[in-house]
Amino acid sequence: MDNYSFQQFWKDLNNGYQIYFDYMEIRYLIYKLQKNCYKKEMITELPKSPLQKNEIMTLKGVRDMFDFMSNFEYKVF
């Protein structure tokens with residue numbers, strides 16, 4: 001998905017999609033809660049990890065991470 005842009009990612013989140021992605025070799029799920037409010041959940045369980053399992057983020061925080069995200073997948077219900 002080399003041509004997957006941040007604009008498309010943001011549009012997908014705004015349309016209600018929940019998206020899995022890898023960030024620093026850890027699997028996460030992200031989705032929109034409300035305007036400028038996104039939730040990132042850690043899927044990969046790491047014992048004694050200092051990383052947050054759940055995090056509420058603004059669009060700026062999501063944008064800052066986007067360049068380092070990979071392996072995007074839509075959550076299927």
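Leaving aside its neighbours within four places in sequence, which residues is Leu29 in contact with? Keep that in mind while you load things up, and remember that you're looking at a predicted model.

**Stop 1: Leu29.** Select Leu29, which sits in strand 2. Now bring up its contacts beyond the local stretch: Gln18, Ile19 and Tyr20, then Lys39, Lys40, Glu41 and Ile43, plus Lys75. Colour by accessibility and Leu29 comes out buried, at a relative accessible area of 3%. For a sense of scale, draw a distance from the C-alpha of Leu29 to that of Asp67: they are 38 residues apart along the chain and separated by 16 Å.

**Stop 2: the whole sheet.** Zoom out and show the strands as cartoon. You have an open sheet of five strands, ordered 4-3-2-1-5, with antiparallel pairing. Strand 4 and strand 5 are the edges; each has a single partner strand, so one side of each has no neighbour in the sheet. Ignoring direction, neighbouring strands here are turned by 25 degrees against each other on average.

**Stop 3: strands 2 and 3.** Pick out residues 26–34 and 37–42, which are strand 2 and strand 3. The two run antiparallel and are joined by six bridges. Look for Lys32, whose bridge partner in strand 3 is Tyr38. Then follow the chain round the hairpin: two residues lie between the strands, and Asn36 in the turn has a positive phi of about 55 degrees.

**Stop 4: across to strand 4.** Stay on strand 3, which is mostly covered, with five of its six residues buried. Add strand 4, residues 54–57. Strand 3 and strand 4 pair in the antiparallel sense over four bridges. Click on Lys40 and you'll find it opposite Glu55 in strand 4. Lys40 should look familiar, as it is also one of the contacts of Leu29.

**Stop 5: helix 1.** Select residues 6–14 for helix 1. This helix lies across strand 1, strand 2, strand 3 and strand 5, and runs at about 60 degrees to strand 2.

**Stop 6: helix 2.** Finish with residues 59–66, and show the side chains of Val62, Met65 and Phe66, which are buried. Look down the axis: these residues cover an arc of only 105 degrees, which puts them on the same side of helix 2. What do the buried residues of helix 2 pack against? Turn on the surroundings and you'll see helix 1 together with strand 1, strand 2, strand 3, strand 4 and strand 5.

Definitions and conventions: Residues numbered from 1 in each chain as written. Predicted model: local features only at pLDDT ≥ 70, side-chain atom pairs only at ≥ 80, totals over all residues. Heavy atoms only, no water. Buried < 20%, exposed > 50% of the residue type's maximum accessible area, 1.4 Å probe, protein only. Arc of directions from axis to C-beta. Contact = heavy atoms within 4.5 Å. Pairing = 2+ DSSP bridges. Axes fitted to C-alpha atoms, helices over the stretch in contact; angles between N-to-C directions.
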